[in-house]
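I opened this chain to take notes on its overall build and then on a few single residues. The entries follow in the order I looked things up.

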Amino acid sequence: EGRKKVRESCSLPESSWEERLANAVTPLWRLPYQEQLQVKYESQRKVLQTLASRLEELGIDAQKRGGLCCPLQPVVPSPIINGYRNKSTFSVNRGPDGNPKTVGLYVGTGRERNIVCVKANHVENIPSKHKQVAQCYEEFICRSPLDSCILFHEGGHWRELVVRTTSCGHTMAIITFHPQELGQEALATQKALLKEFFTCGPGAVCALTSLYFQESTMTRCSHEQSPFQLLHGAPHIFEELLGLKFRISPDAFFQVNTAGAEVLYQAVRELCQATGDTVLLDICCGTGTIGLSLAHRVSKVIGVEVVEKAIEDAEWNAAFNGISNCEFHTGKAEAVLPQLLASWEDARPLVAVVNPSRAGLHYRVVRAIRNCRAICRLLYISCKPEGEAMRNFLELCCPPDPRKKLVGEPFAPMLALPFDMFPHTVHCELVLLFTR
């Protein structure tokens with residue numbers, strides 16, 4: 001019923017670009033919130049049905065009640081429904097009026113060559129502070145004699161804007177700039193103008209805590225590839241979560257819905273069933289939020305994260321919060337984890353929590369987890385369970401296969417707990433508990 005209403009609402013005449021953008025970015029925005037949760041419950045039910053049938057194909061009898069591979073709990077609602085995002089990425093491109101310096105979100109696709117950049121002032125999941133910074137950035141680049149960079153090979157300079165905010169009232173803006181053929185003197189001039197605009201000019205109304213600038217010749221650039229340059233303010237912003245204080249760098253991962261993250265991590269804390277002698281393995285740990293929030297319940301936390309700056313933040317977070325039983329490792333999980341677990345001889349119980357990106361876990365990570373006998377309990381937090389995560393679920397649960405070097409006993413899904421971290425969108429965070 002809920003999905004039918006979504007289809008009906010989305011097939012209404014699109015009377016404006018604003019409506020098209022709302023339908024593209026927040027497709028459930030017309031539905032009452034309880035109906036949104038029902039739509040998401042149904043989508044997670046399909047995920048578990050698919051997993052059950054795929055496991056059955058592997059000869060594993062996973063058909064539980066209602067054709068699901070394990071019990072599915074109701075979707076846990078988000079404490080905040082509107083303006084919940086603590087991070088927004090705005091593009092620069094042609095608007096519906098032809099202005100090539102429009103700052104907003106895309107409608108259309110590159111493949112169809114029908115991209116239009118629409119201002120996001122009406123989008124319900126973006127907070128007003130983010131919209132304010134985007135509006136000021138547009139005002140700045142419209143005053144600038146330099147063009148926006150729409151296609152790299154066609155020239156232009158001004159590119160996307162990332163805004164990060166915290167419940168502590170901090171605001172960080174990160175501006176991406178394509179240098180093209182500009183020399184250091186010309187670049188210095190642009191950085192000075194940008195800083196002046198946001199500190200003394202019209203942009204001062206944003207009261208930025210941090211203003212960063214990144215010269216980038218690629219679509220996405222890490223700090224290692226092209227350093228984030230601090231033009232103004234503090235190098236970090238700070239967030240409070242479950243009584244702890246966390247430091248956030250420009251490219252560090254942090255759950256996009258802070259209030260929702262608190263609810264999620266509290267549930268993870270309960271599902272881990274950690275005791276005083278447990279070692280917690282926090283894979284794809286970001287700034288250490290999950291591990292640090294559980295540190296007082298376990299004997300040791302081991303975090304693994306590919307982003308170097310995030311690990312720096314995690315170590316600072318541990319020290320600042322007086323937590324001394326954590327160690328963090330920088331590097332790709334598929335390189336770090338097999339080494340870490342291959343020689344594991346610790347007698348203490350080992351619980352793993354994985355929180356990968358939409359790309360899921362590398363096969364070598366799954367293999368290392370399977371082949372480590374000490375891990376009997378695994379929590380998989382997935383932001384896209386119907387995608388690559390499904391491959392991981394099957395790899396965790398399939399029978400041992402020496403050809404693939406999967407020699408460890410298989411896991412079994414025991415419980416699925418969905419969380420609505422993204423109201424108004426179709427996305428849902430799913431926590432799957434596996435045991436063996």
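**Surface and overall build**

I began with the surface: the accessible area of the chain is about 19100 Å², and carbon and sulfur atoms account for 51% of that. I note here that the model is predicted, and I read every value below with that in mind.

I then looked up the secondary structure and found 11 helices and 16 strands in the chain. Along the principal axes, the C-alpha trace spans about 65 × 50 × 40 Å.

Does the radius of gyration agree or disagree with a compact globule? It agrees, because a compact globule of 436 residues would come near 22 Å and the chain has 23 Å.

I checked burial next: 53% of the 436 residues are buried. For contacts between residues at least 6 apart in sequence, I noted that 65% join residues at least 24 apart.

I looked at charge last in this round. There are 47 positive and 46 negative side chains, and the centres of these two sets are 3 Å apart.

**The annotated domain**

I looked up the UniProt record, an unreviewed entry, which places "domain: Methyltransferase" at residues 277-340. Over residues 277-340 I found 42% helix and 25% strand. The end C-alpha atoms of that stretch are 19 Å apart.

I picked Val279, in strand β10 (residues 279-283), for a closer look. Val279 has a relative accessibility of 0%, so I entered Val279 as buried. Which residues does Val279 touch, not counting those up to four places away in sequence? I listed Ser299, Lys300, Ile302, Trp344, Asp346, Arg348, Pro349, Leu350 and Val351. For Lys300, 21 residues from Val279 along the chain, I noted a C-alpha separation of 4.8 Å.

**The annotated active site**

The unreviewed UniProt entry lists Cys383 under "active site". I found Cys383 in the loop between β14 (375-382) and α11 (388-397).

Is Cys383 buried or exposed? Its relative accessible area is 19%, and the cut-off for buried is under 20%, so Cys383 counts as buried. Leaving aside neighbours within four places in sequence, I recorded contacts of Cys383 with Pro356, Ser357, Arg358, Cys428 and Glu429.

**A second cysteine**

I also looked at Cys221, in the loop between β6 and β7 (229-233). Cys221 has 15% relative accessibility and therefore counts as buried. Beyond neighbours within four places in sequence, Cys221 is in contact with Gln214, Ser216, Ser226 and Phe228. I took one distance outward from here: Cys221 and Tyr137 are 84 residues apart in sequence, with their C-alpha atoms 20 Å apart.

**Two strand residues**

I located Leu415 in strand β15 (residues 412-419). With neighbours within four places in sequence left aside, Leu415 is in contact with Cys70, Pro71, Gln73, Leu271, Val431, Leu432 and Leu433. I looked up one of these pairs by distance: Leu415 and Leu432 are 17 residues apart in sequence and 5.9 Å apart from C-alpha to C-alpha.

I then went to Glu240, in strand β8 (residues 237-241). With the sequence neighbours within four places set aside, Glu240 is in contact with Ser167, Cys168 and Thr258. The C-alpha atoms of Glu240 and Glu262 are 9.8 Å apart, and the two residues are 22 apart in sequence.

**Backbone angles**

Most residues other than glycine have a negative phi. I went looking for exceptions.

Gln180 has a positive phi of about 50 degrees and is not a glycine. I found Gln180 in the loop between β5 (171-177) and α5 (184-199). With a relative accessible area of 24%, Gln180 is partly exposed.

Ala207, which is not a glycine, also has a positive phi of about 50 degrees. I placed Ala207 in the loop between α5 and β6 (210-215). Is Ala207 buried or exposed? The relative accessible area is 52%, so I entered Ala207 as exposed.

How values were computed
Residues are numbered from 1 along each chain as its sequence is written. This is a predicted model: local features need pLDDT of at least 70, side-chain atom pairs count only at pLDDT 80 or more; totals for chains, interfaces and linings use all residues. Side-chain values use heavy atoms; hydrogens and water are left out. Helices (H or I, at least four residues) and strands (E, at least two) are DSSP runs, numbered from the N terminus. The radius of gyration is taken over C-alpha atoms; the globule rule is 2.2 Å times the number of residues to the power 0.38. Buried means under 20% relative accessible area, exposed over 50%, partly exposed in between (1.4 Å probe, protein chains only). Contact means heavy atoms within 4.5 Å. Accessible areas come from the Shrake-Rupley method with a 1.4 Å probe; for residues, only the protein chains shown count as cover. Lys and Arg count as positive and Asp and Glu as negative; His and the chain ends are not counted. The place of a charge is taken as NZ of Lys, CZ of Arg, CG of Asp or CD of Glu. UniProt positions are given in the numbering used here, feature names are shortened, and annotations may be inferred rather than shown by experiment.
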